[in-house]
Amino acid sequence: MVRSEIPSFPGFEEKEGPDGPTSKDLTCDVAIVGCGVAGLYAALNLPRALRIVMISKEDLASCDSMLAQGGICVMRDHDDYDSWFDDTMRAGHGENRKESVDRMIWDSRCVINDLIRLGVDFDKLPNGQLDYTREGAHSRPRIVHHADITGKEITTKLLARVRELKNVRIYEWHTMDDILVDEAGACTGVTGTDRKGLCFNIHATDTLLATGGVGGLYEHSTNFQCLTGDGCRIARDHGVELEHMDYVQIHPTTFYTTKPGRVFLISEACRGEGAILLDAQGKRFCNELEPRDIVSQNIMRQMKKDGTKHVWLSFENVPSDVIRGHFANIYQHCLDEGYDLLKEPIPVVPAQHYLMGGIHVDQDSRTTMDHLYAAGETSCNGVHGKNRLASNSLLESLVFTRLAARDIVRKRHKA
């Protein structure tokens, strides 16, 4: 095949049974399970001559990448390297893989520039420069953002670019039930069921698992309920190495409510811009800019001491234009719940937020099974250690899924 050609891409071939279609099959070059930033960016970084199939467990909007509020980190200059490295290691309690942290930081500016090229609109200052903000456990502002819906902005723009690709097919409401494995023990694709109950098989030379985290397994989580650790569970069943599955991050500040379902995240950037935590008596009780696990522990201790189900987050030190602008989505959500950030504090409580562990991968996002890759929250490349530093997750997903795409290409050139 000439490298510049667009490959032919037939649809699923359905197999008929006595009562109608019973299964469907498709052969492609790369199967990607998950349509968040990791999956989408992988597709964009693979050659246009490769046939790519992407599947989403539910609709495309139901991925946690859409929910990221605070922003995405970037190395502002070479002087920022040491402090960012130290901040990440400190937040991760020194259990991070240093080589992974190093790679993420050095690749950050290239990734941000690429996102801008792809149409992502980050907030800027009046002089046209990027507007950097700070979050908990960061020693300086290094986070770029799009108001308080950065994840939605990035994911939406990446999805739009992927939809323009003629070599990519996206199938919503297709749940992976297992991976396909050949006699040599290599992954050869995925199998599962669609919303109608039809079985499907996607036969692929290489497979990338980007199925998100485990929040759907928890009663209170900021995650979509469909994120139930499918990639990790299936990998474990096939003897693929997992790492630190007990390293689950609790986010300190979610909006307290008695309503069932996913809880609403109150971005760490709020505390980075000056919001403070108050006890039942309206007194500040901790340093809000400590790492997330430390702040969560402080809140839980204070709740036990006060005999309450939540603490309070006050925006009294945050300028009104920042509340209405940078935190417009959070401001409106709180108004809908009956709280005006400009006039009163809001009730907040810790909730499950992120999995630092996952499927063990190397520096190229390869798992311990041939032709099987993992990226995003599904994987564990060691960047986050025992506790994730705020706004490292979007960047980590993008950096290491691009490395997966490059390794797929590199192996094909060697074949």
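Charged side chains make a good starting point: the protein carries 48 positive and 60 negative ones, and the centres of the two sets lie 2 Å apart. Here Lys and Arg count as positive and Asp and Glu as negative, with His and the chain ends not counted; each charge is placed at NZ of Lys, CZ of Arg, CG of Asp or CD of Glu. The model is predicted, so local features need pLDDT of at least 70 and side-chain atom pairs count only at pLDDT 80 or more, while totals for chains, interfaces and linings use all residues. Residues are numbered from 1 along each chain as its sequence is written, and side-chain values use heavy atoms, leaving out hydrogens and water.

On the overall fold, 10 helices and 17 strands are found, taken as DSSP runs numbered from the N terminus (helices H or I, at least four residues; strands E, at least two). The C-alpha trace spans about 70 × 50 × 35 Å along its principal axes. Of the 415 residues, 58% count as buried, that is, under 20% relative accessible area with a 1.4 Å probe and protein chains only.

Helix α9 (residues 328-336) offers a pleasant close-up, its buried residues being Ile330, Tyr331 and Cys334. Seen down the axis of α9, these fall within an arc of 100 degrees, so they line one face of the helix; the arc is that of the directions from the helix axis to the C-beta atoms. Their cover includes β11 (248-255), α6 (268-272), α8 (320-324) and β14 (346-355), where contact means heavy atoms within 4.5 Å. Just after α9, glycine 338 takes a positive phi of about 95 degrees.

Definitions and conventions:
Buried < 20%, exposed > 50% of the residue type's maximum accessible area, 1.4 Å probe, protein only.
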